[in-house]
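Work through the exercises below with the sequence and the structure open. Try each task before you read its solution.

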Amino acid sequence: MNLDEKDQALITLLKANSRRPVIELAKQLGVSRSTVQNRIETLQRRGIIKSFTIEFDAEYERKLLKAQMLVNLTPGVSRHVIKLLQQRPQITSIMSVSGVYDLILELTVEASSQLDELVDDIRETKGVEKTVTCVVLSNY
């Protein structure tokens with residue numbers, strides 16, 4: 001996926017603030033508003049830009065409870081289990097890893113009761129054999 005300098009600059013600006021008005025992006029890039037709109041649409045169509053997202057306020061982010069879960073799966077079910085896990089918005093990342101465990105999940109919730117329920121739900125998922133959950137205390 002080759003990107004020219006304007007596309008790379010546009011992506012950099014969108015990463016900083018995806019809600020920035022197209023006219024402002026155009027001024028910063030030195031191109032027309034329609035050029036920016038066309039480039040954004042092309043980047044989306046090509047699958048380079050999948051979505052526009054939000055950034056949480058730092059204070060709200062600090063209040064969230066985060067955990068990592070190590071998961072062992074029954075052999076041959078990983079694709080099915082991953083599809084089920086991807087449907088849960090509280091699972092913010094799913095990583096396939098080498099070693100003793102098959103997956104590492106990053107979990108984000110607002111309260112310990114939600115974490116307790118989420119952990120139970122994941123453990124009860126068909127194909128999940130064993131889990132270990134570690135609550136994140138600090139992030140450096």
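**Exercise 1. The end of a strand**

Task: Decide whether Val135 counts as buried, partly exposed or exposed, and find the strand that holds Val135.

Solution. The model is a predicted one.
Step 1. Val135 has a relative accessibility of 42%.
Step 2. Partly exposed residues fall between the limits of 20% and 50%, so Val135 counts as partly exposed.
Step 3. Val135 belongs to strand β4, which covers residues 128-135.
Step 4. Between the C-alpha atoms of Val135 and Leu107 there are 9.1 Å in space, while the two residues are 28 apart in sequence.

**Exercise 2. The nonpolar core**

Task: Find how many residues the largest nonpolar core has and which element gives the largest share of this core.

Solution.
Step 1. There are 17 residues in the largest nonpolar core.
Step 2. Those with the most contacts inside the core are Met69, Val71, Leu85, Leu105, Leu107, Leu115 and Ile122.
Step 3. Two or more residues each come from β1 (65-73), α5 (78-86), β3 (103-109) and α6.
Step 4. The largest share, five residues, is that of β1.
Step 5. As a general background, nonpolar side chains in soluble globular proteins tend to be buried together.

**Exercise 3. A salt bridge between two helices**

Task: Identify the helices that the salt bridge between Asp7 and Arg39 ties together, and state whether Asp7 is buried or exposed.

Solution.
Step 1. The whole structure contains six salt bridges.
Step 2. In the one formed by Asp7 and Arg39, the closest N and O atoms are 2.7 Å apart, and the cut-off for a salt bridge is 4 Å.
Step 3. Asp7 sits in helix α1 (residues 5-16) and Arg39 in helix α3 (residues 33-45), so the pair links parts that are 32 residues apart in sequence.
Step 4. The relative accessibility of Asp7 is 10%, so Asp7 counts as buried.
Step 5. Arg39 has a relative accessible area of 22% and is therefore partly exposed.

**Exercise 4. A salt bridge inside one helix**

Task: Work out why Glu59 and Lys63 are separated by about one helical turn.

Solution.
Step 1. The side chains of Glu59 and Lys63 form a salt bridge with an N to O distance of 3.5 Å.
Step 2. Glu59 and Lys63 are four residues apart in helix α4, which means that about one helical turn separates them.
Step 3. Glu59, at 44% relative accessible area, is partly exposed.
Step 4. Lys63, at 59%, is exposed.
Step 5. Elsewhere, salt bridges with shared partners join Asp4, Asp7 and Arg39 into one network.

**Exercise 5. Another charged pair**

Task: State which residue forms a salt bridge with Glu24, and whether that partner is buried or exposed.

Solution.
Step 1. The partner of Glu24 is Arg20, and their closest N and O atoms lie 3.1 Å apart.
Step 2. Arg20 has a relative accessible area of 17%; the limit for buried is under 20%, so Arg20 is buried.
Step 3. Glu24 has a relative accessible area of 35% and is partly exposed.

**Exercise 6. Two surface patches**

Task: List the residues of the negative surface patch and those of the nonpolar surface patch.

Solution.
Step 1. Asp116, Glu117, Asp120 and Glu124 form the negative patch.
Step 2. Asp116 is located in helix α6 (residues 112-123) and is partly exposed at 48% relative accessible area.
Step 3. Ile54, Phe56 and Tyr60 make the nonpolar patch, with an area of about 310 Å².
Step 4. Tyr60 is located in helix α4 (residues 58-63) and is partly exposed at 34% relative accessible area.

**Exercise 7. Sequence distance and space**

Task: Find how far apart in space Val77 and Lys15 are, then Ser18 and Ser51.

Solution.
Step 1. Val77 is in the loop between β1 and α5, and its relative accessible area of 23% makes Val77 partly exposed.
Step 2. From C-alpha to C-alpha, Val77 and Lys15 are 35 Å apart, with their positions 62 residues apart in sequence.
Step 3. Ser18 is in the loop between α1 and α2 (22-29) and counts as partly exposed at 23% relative accessibility.
Step 4. The C-alpha atoms of Ser18 and Ser51 are 9.5 Å apart, and the two residues are 33 apart along the chain.

Key:
Residues numbered from 1 in each chain as written. Predicted model: local features only at pLDDT ≥ 70, side-chain atom pairs only at ≥ 80, totals over all residues. Heavy atoms only, no water. Patch = residues over 30% accessible without salt bridge, like charges linked within 9 Å, V, L, I, M, F, W, Y side chains within 5 Å. Areas by Shrake-Rupley, 256 points an atom, 1.4 Å probe, with all protein chains shown as cover. Lys, Arg positive; Asp, Glu negative; His and termini not counted. Charge placed at Lys NZ, Arg CZ, Asp CG, Glu CD. Buried < 20%, exposed > 50% of the residue type's maximum accessible area, 1.4 Å probe, protein only. Core = buried A, V, L, I, M, F, W, Y, C linked by side-chain atoms within 4.5 Å.
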